[in-house]
Amino acid sequence: MTKAQILKEQREERKKQKLKAERERLEIMREYERLYGDRGLLCGIDEVGRGPLAGPVVAGAVILPEDCEILYLNDSKKLTEKRRELLYDEIMEKAKATGIGVVGPERIDEINILQATYEAMRMAIGQLKIEPDLLLNDAVTIPLVEIPQVPIVKGDAKSVSIAAASVIAKVTRDRMMAEYDKLFPGYGFASNKGYGSAAHIAALREMGPCAIHRRSFIRNFTAET
């Protein structure tokens, strides 16, 4: 066997081992799906955008088929932008149903971010073309929802359903912020996604707030409320 052949075999073996490890990781992330699988259709729920100074809060709802395999699915915060985009397409293709809820900055200021998050989650559930039998939520119990719920702390890293919801919510919001960057240049929305980076805060102090800033979030950075 030549050196090139040996190296090729070694690469193939490493590739197999990585795939095996990834499938084992995903199997651990199916713990709650296995635990509650006898309850019927499970739906993962998660949100992104509670902390930014600007832009909406976005919630995702995803019903995955039983034993659905989506390699590298994880908490969206642990993934690269490129990986999230690829996973978004795969989730949208393989999911039985998906829903997105978007609540804008004016509504956030009106009812506070927690209530706006709940509202976005209810909107996402309402968009599902199939009604789930049980919701697996990232950490929260959503008021005014009749479907049974299981809150899971750090659920986006522990449940494939919640992780999928995390990814579609994150990609949706990031795409929105990239479009807002074109409408409101100077704040760096395409890169900071509305979070309070040093450059964003400096721009806010220099230019004042724009239409998508959350007035209740920026009182420490501007005289305008």
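**Exercise 1. In this predicted model, find the bridge partner of Asp138 in β5, then place the two strands involved within their sheet.**

*Solution.* Start at Asp138 and look across to β5: the bridge partner there is Ile152. Next, take in the whole strand pair. β4 spans residues 134-138, and β4 and β5 pair in the parallel sense over 4 bridges. Now step back to the sheet, which is open and has 5 strands in the order β3-β2-β1-β4-β5, with mixed pairing. Its edges are β3 (97-103) and β5 (149-152), each of which pairs on one side only. Finally, check the twist: neighbouring strands of this sheet are turned by 20° against each other on average, direction ignored.

**Exercise 2. Work out which strands helix α5 touches as it packs on the sheet, and how its direction relates to that of β3.**

*Solution.* Locate α5 at residues 113-127. Then follow its contacts: α5 touches β1 (42-48), β2 (57-63), β3 and β4. For the orientation, compare directions; that of α5 makes about 150° with that of β3.

**Exercise 3. Describe the largest pocket: its volume, its lining and the elements that contribute to it.**

*Solution.* Begin with the space, which is about 340 Å³. Turn to the walls: 16 residues line this pocket, and Glu33, Leu42, Pro65, Glu66 and Asp67 are the closest to its centre. Then ask where the lining comes from. Helices α2 (31-36) and α6 (160-183) each supply at least two of its residues. Last, sort the lining by class to get 6 nonpolar, 3 polar and 7 charged residues.

**Exercise 4. Do the same for the second largest pocket, and name the element that gives the most to its lining.**

*Solution.* The volume here is about 240 Å³. Among the 15 lining residues, those closest to the centre are Glu47, Val48, Gly49, Lys77 and Tyr195. Both β1 and α6 supply at least two lining residues each, and α6 gives the most, with 4. Sorting by class yields 2 nonpolar, 3 polar and 10 charged residues.

**Exercise 5. Finish with the whole chain: count its helices and strands, give their pattern along the sequence, and describe the chain's extent and burial.**

*Solution.* Count first: there are 8 helices and 5 strands. Reading along the sequence, you should get α-α-β-β-α-β-α-α-β-β-α-α-α. For extent, the C-alpha atoms fill a box of roughly 70 × 50 × 25 Å along the principal axes. For burial, take under 20% relative accessible area as the cut-off; buried residues then make up 48% of the 225 in the chain. To close, look at contacts with a separation of 6 or more: residues 24 or more positions apart account for 65% of them.

How values were computed. Residues numbered from 1 in each chain as written. Predicted model: local features only at pLDDT ≥ 70, side-chain atom pairs only at ≥ 80, totals over all residues. Heavy atoms only, no water. Pairing = 2+ DSSP bridges. Axes fitted to C-alpha atoms, helices over the stretch in contact; angles between N-to-C directions. Contact = heavy atoms within 4.5 Å. 1 Å grid on protein atoms, 1.4 Å probe; cavity = no way out; pocket = protein on both sides within 12 Å on 5 of 7 lines; lining within 4 Å. Points joined across faces, edges and corners; volume = space filled by probe spheres on them. Nonpolar A, V, L, I, M, F, W, Y, C, P; charged D, E, K, R; others polar. Buried < 20%, exposed > 50% of the residue type's maximum accessible area, 1.4 Å probe, protein only.
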